[in-house]
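Biologist: I would like a close look at one part of this model, followed by a connected account of what surrounds it. Please take the time to go through it carefully.

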Amino acid sequence: MLSVCLFLVTAYFVILFVIGIGAVMLPITTKWVRWLCNANRRAAGRSGVPVPVPYRPEPKEFERDIVGWIRRCKWILTDPASWRDLLWLLLNSVVGMIGFLPAAVLYYVLEGLALAGGLWQPILRARGSGREYFFVPIQSQPTAALGALAAAALFLAWVWYSPVFLTAHAHFTRLLLGPTKGSELTERVQHLAETRTGALDAAAAELRRIERDLHDGAQARLVSLGMTLGALERHLGSESPEARRLLKDARTSSVSALRELRDLVRGIHPPVLAERGLADALRALGLASPLRVEVAVEIPGELPPPLESALYFAVSELLTNALKYADPDRVDVTAWHDGAALHARVADDGRGGADPAGGTGLHGIRRRLATFDGTLDISSPPGGPTAITMEIPCVLSSPKTSSS
């Protein structure tokens, strides 16, 4: 009866909402519907049939006005689990009798024991005939004993079969109130996306920590060592040419080690990317390249640091490939965000013929972008020109200022 009442009330307010009213009561009735459905999910779990809650996550905030109530109703009505709840309420008014049957049988057992215990006597005096129980008219002590045996047999059957009925109802609940394959897949994808984002953020933070340690630690010590060796070389007299030669070699080695360490630091996380953002980092790549590179960036916000790093190194690799293989006169680097995805394009007027199967560079870029569900599109016919477009789904956060 509760299922029927909730179904009728909720369906009534759904209809009112469709025709323009009912937005006030629909979230309230939905709360009661979900309470009843969750109670049956827990009951099914106690019967050995776990039923996960399939509802979509509630948005963090709703406005405290009519707009907020409309958004709440939209969240309810666009969730497929809400409509499955209504279907379960409708069918449970009939199928729910399966779950009610063990309670009814137990009541009948208790009635038989009460009759056999002496209740048959006042009934016999009041009606002039006994009460029939399980096809046995109880109107004497021997028939009362038969009624007690019938109640005991029925109780044994109840103990044996009631879990079967409850499990059957639990499977019915699981069929309608459990998550569908599609919702399970969606939840799994969402979980994997969240864990992937966490792993990428942790890896980016660790790389930045390593870059800072190398920059502030080993690099500073190498600079100090070079200065100490230079001072020692100046203080040595001309009477020790071999010692001066060894000091000069040591100083040259320290300078080479410092240069390699700086290259390593830039390869881990370029300082300009951390300090100035992606736009200025791409412009710095263009200025550092021996090619004539024109850079145009239109990104009115801030990107996640792992994504910035991936795109930076992808563009850097493409500029290196153009320099090594294409022999172009001009390279155009453009990057923009269309509200749903980040796009970047590296085009040159070189000899063309870029082929991902011909080396590991383009294949590595494709794998790097695939980490963020990004794609790489290559157009490079023999003779040129070459245009390589990258697309990465993402959203922007607060705007980030950079130099023009």
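Biologist: Is Asp 85 buried or exposed, and what is its relative accessible area?

Modeller: This is a predicted model, and what follows should be read with that in mind. Asp 85 is buried, because its relative accessible area is 2%, which falls under the 20% that marks the limit for a buried residue. Asp 85 forms a salt bridge with Arg 41, and the closest N and O atoms of the two are 3.4 Å apart. This pair links distant parts of the chain, since Arg 41 lies in helix H2 (residues 26–46) and Asp 85 in helix H4, 44 residues apart. Arg 41 is buried as well, because its relative accessible area is 4%. Side chains of opposite charge can pair when their charged atoms come close.

A search of the whole structure finds five salt bridges, and two others can be set beside the pair of Arg 41 and Asp 85. In one of them, Arg 283 meets Asp 280, with the closest N and O atoms 2.9 Å apart. Both residues belong to helix H9 (residues 278–288), where they are three residues apart, about one turn of the helix. An α-helix has 3.6 residues a turn, so residues three or four places apart point the same way. Asp 280 counts as buried because its relative accessible area is 7%, whereas Arg 283, with a relative accessible area of 24%, is partly exposed.

In the other, the side chains of Asp 332 and Arg 330 meet in a salt bridge, at 2.9 Å from N to O. Asp 332 is partly exposed, because its relative accessibility is 26%, and Arg 330 is also partly exposed, at 29% relative accessibility.

Asp 332 also leads into the strands, as it stands in S4 opposite Glu 294. Strand S3 (residues 293–298) and strand S4 (residues 331–337) pair in the parallel sense, and six bridges connect them. Between these two strands the chain passes through helix H10 (residues 305–326), and the resulting β-α-β crossover is left-handed.

Helix H10 itself has 22 residues and reaches 30 Å from its first C-alpha to its last, which is close to the 32 Å expected at 1.5 Å a residue. After H10 comes Asp 327, whose phi is positive, near 50°.

Two residues of H10 can be followed to later parts of the chain. Pro 306 has its place in this helix, and it counts as buried because its relative accessibility is 11%. The C-alpha atoms of Pro 306 and Phe 372 are separated by 9.2 Å, although the two residues are 66 residues apart along the chain. Glu 317 is found in H10 too, but it counts as partly exposed because its relative accessibility is 29%. From Glu 317 to Ile 365 the C-alpha to C-alpha separation is 7.9 Å, with their positions 48 residues apart in sequence.

Further along, strand pairing takes the antiparallel sense. Strand S5 (residues 341–348) pairs in this way with strand S7 (residues 386–393) over eight bridges, and within that pairing Met 390 in S7 is the bridge partner of Ala 344. Strand S6 (residues 375–379) is joined to S7 by five bridges, and these strands also run antiparallel. Ile 378 stands opposite Ile 388 in S7. The hairpin of S6 and S7 has six residues between the strands, and in this hairpin Gly 383 takes a positive phi near 95°.

To return to helix H4, where Asp 85 is located, there is also a nonpolar feature at the surface to describe. A nonpolar surface patch of about 600 Å² is made by Ile 98, Leu 101, Trp 160, Tyr 161, Val 164 and Phe 165. Helix H4 (80–127) and helix H5 (141–177) are the elements that give two or more residues to this patch, and the largest share, four residues, comes from H5. Phe 165 has its place in H5, and it is partly exposed because its relative accessible area is 32%. Helix H4 therefore holds the buried Asp 85, at 2% relative accessible area, and also contributes to the nonpolar patch.

Note on methods. Residues are numbered from 1 along each chain as its sequence is written. This is a predicted model: local features need pLDDT of at least 70, side-chain atom pairs count only at pLDDT 80 or more; totals for chains, interfaces and linings use all residues. Side-chain values use heavy atoms; hydrogens and water are left out. Two strands pair if DSSP finds at least two bridges between them. A crossover is right-handed if, with the strands pointing away from the viewer, the path from the first strand over the helix to the second runs clockwise. Patches are made of residues with over 30% relative accessible area and no salt bridge: like charges are joined within 9 Å, nonpolar side chains (Val, Leu, Ile, Met, Phe, Trp, Tyr) within 5 Å. Accessible areas come from the Shrake-Rupley method with a 1.4 Å probe; for residues, only the protein chains shown count as cover. A salt bridge is a side-chain nitrogen of Lys or Arg within 4 Å of a carboxyl oxygen of Asp or Glu. Buried means under 20% relative accessible area, exposed over 50%, partly exposed in between (1.4 Å probe, protein chains only). The expected span of a helix is 1.5 Å times one less than its number of residues.
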